[in-house]
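Subject: Structure handover

Hello,

Here is the structure I said I would pass on. My notes on it follow below the entry.

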Amino acid sequence: MPFFKITLIRSAIGLPKKTTGVLQALGLRKRMATVFHPVSPQVAGQIMAVKELVAVSEVEKALSKAELKATRKPDPGYYIETPASEAFKPHL
């Protein structure tokens with residue numbers, strides 16, 4: 001079942017209450033927040049009401065908060081090949 005991945009890109013400060021109400025109905029409260037909703041005409045209509053403020057893509061699976069956080073985690077830049085305790089053992 002496909003889902004809409006909706007991310008709030010622009011703030012709703014200074015916009016009409018109707019617009020902020022649509023964002024709250026979608027579950028978007030802070031900038032760069034991402035929510036997943038099943039593809040339906042009702043959700044598509046809400047997205048069209050705030051299309052200038054959000055980025056939308058269609059994904060196959062909704063991710064949990066932990067999975068979203070894992071996708072944003074950067075590569076550490078290094079890899080540990082052997083533990084330090086093994087690398088500095090005295091050879092007998």
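His37 touches Phe3, Phe4, Ile6, Leu26 and Val43, leaving out residues up to four places away in sequence. The model is a predicted one, and everything in this message is computed from it. His37 belongs to strand 2, and the residue opposite His37 across the pairing is Phe4. There is also a polar link: a polar atom of the His37 side chain lies 2.7 Å from the backbone oxygen of Leu26. Leu26 thus appears twice around His37, once in the list of contacts and once through that backbone oxygen.

The sheet

The strands form an open sheet of three, in the order 2-1-3, with antiparallel pairing. Strand 2 and strand 3 are the edge strands, each of them pairing on one side only. On average, neighbouring strands of the sheet are turned by 25° against each other, direction ignored.

Strand 1 covers residues 3-8, and five of its six residues are buried, so strand 1 is largely enclosed by the rest of the structure. Its antiparallel pairing with strand 2 (residues 34-38) runs over five bridges. Besides the pair of Phe4 and His37, Lys5 has Phe36 as its bridge partner in strand 2. Strand 3 (residues 54-59) is joined to strand 1 by six bridges, again in the antiparallel sense. On that side, Phe3 stands opposite Val59. As a general point, side chains in a regular strand alternate between the two faces of the sheet.

Thr7

Thr7 is another residue of strand 1. Is Thr7 buried or exposed? Its relative accessible area is 12%, and buried means under 20%, so Thr7 counts as buried. The side chain of Thr7 makes a polar contact of 3.0 Å with the side chain of Thr34. With residues up to four places away in sequence left out, Thr7 touches Met32, Ala33, Thr34, Leu53, Val54 and Ala55.

Met32

Met32, one of the residues touched by Thr7, is found in the loop between helix 1 and strand 2. Its phi is near 65°, a positive value in a residue other than glycine. Most residues other than glycine have a negative phi. Met32 is exposed, with a relative accessible area of 53%. You may want to look at this residue when you open the model.

The core

The largest nonpolar core has 14 residues. Which of them touch the most other members? They are Ile6, Leu23, Leu26, Leu28, Val50, Leu53 and Val54. Strand 1, helix 1 (17-26) and helix 2 (41-49) are the elements that give two or more residues to this core. Two of the residues in that list, Ile6 and Leu26, are also contacts of His37. Leu53 and Val54 from the list are contacts of Thr7. Val50, for its part, is in contact with Thr19, Val22, Leu23 and Leu26, leaving aside its neighbours within four places in sequence.

Salt bridges

How many salt bridges does the structure hold? There are two. Side chains of opposite charge can pair when their charged atoms come close. One salt bridge joins the side chains of Lys51 and Glu52, at 3.7 Å from N to O. Lys51 is partly exposed, with a relative accessible area of 45%, whereas Glu52 is exposed at 55%. Glu52 sits in the loop between helix 2 and strand 3. Glu52 and Thr19 are 33 residues apart in sequence, and their C-alpha atoms are 11 Å apart in space. Thr19 is also among the contacts of Val50.

The other salt bridge is between the side chains of Glu67 and Lys61, at 3.5 Å from N to O. Glu67 has a relative accessibility of 32% and counts as partly exposed.

To recap the main items: strand 1 pairs with strand 2 over five bridges and with strand 3 over six. His37 reaches the backbone oxygen of Leu26, and the side chain of Thr7 meets that of Thr34. Met32 has the positive phi noted above.

Regards

Technical notes. Residues numbered from 1 in each chain as written. Predicted model: local features only at pLDDT ≥ 70, side-chain atom pairs only at ≥ 80, totals over all residues. Heavy atoms only, no water. Salt bridge = Lys/Arg side-chain N within 4 Å of Asp/Glu carboxyl O. Buried < 20%, exposed > 50% of the residue type's maximum accessible area, 1.4 Å probe, protein only. Helix = DSSP H or I, 4+ residues; strand = E, 2+ residues; numbered from the N terminus. Pairing = 2+ DSSP bridges. Core = buried A, V, L, I, M, F, W, Y, C linked by side-chain atoms within 4.5 Å. Contact = heavy atoms within 4.5 Å. Polar contact = N/O pair within 3.5 Å; in protein donor to acceptor, adjacent residues only side chain to side chain. Axes fitted to C-alpha atoms, helices over the stretch in contact; angles between N-to-C directions.
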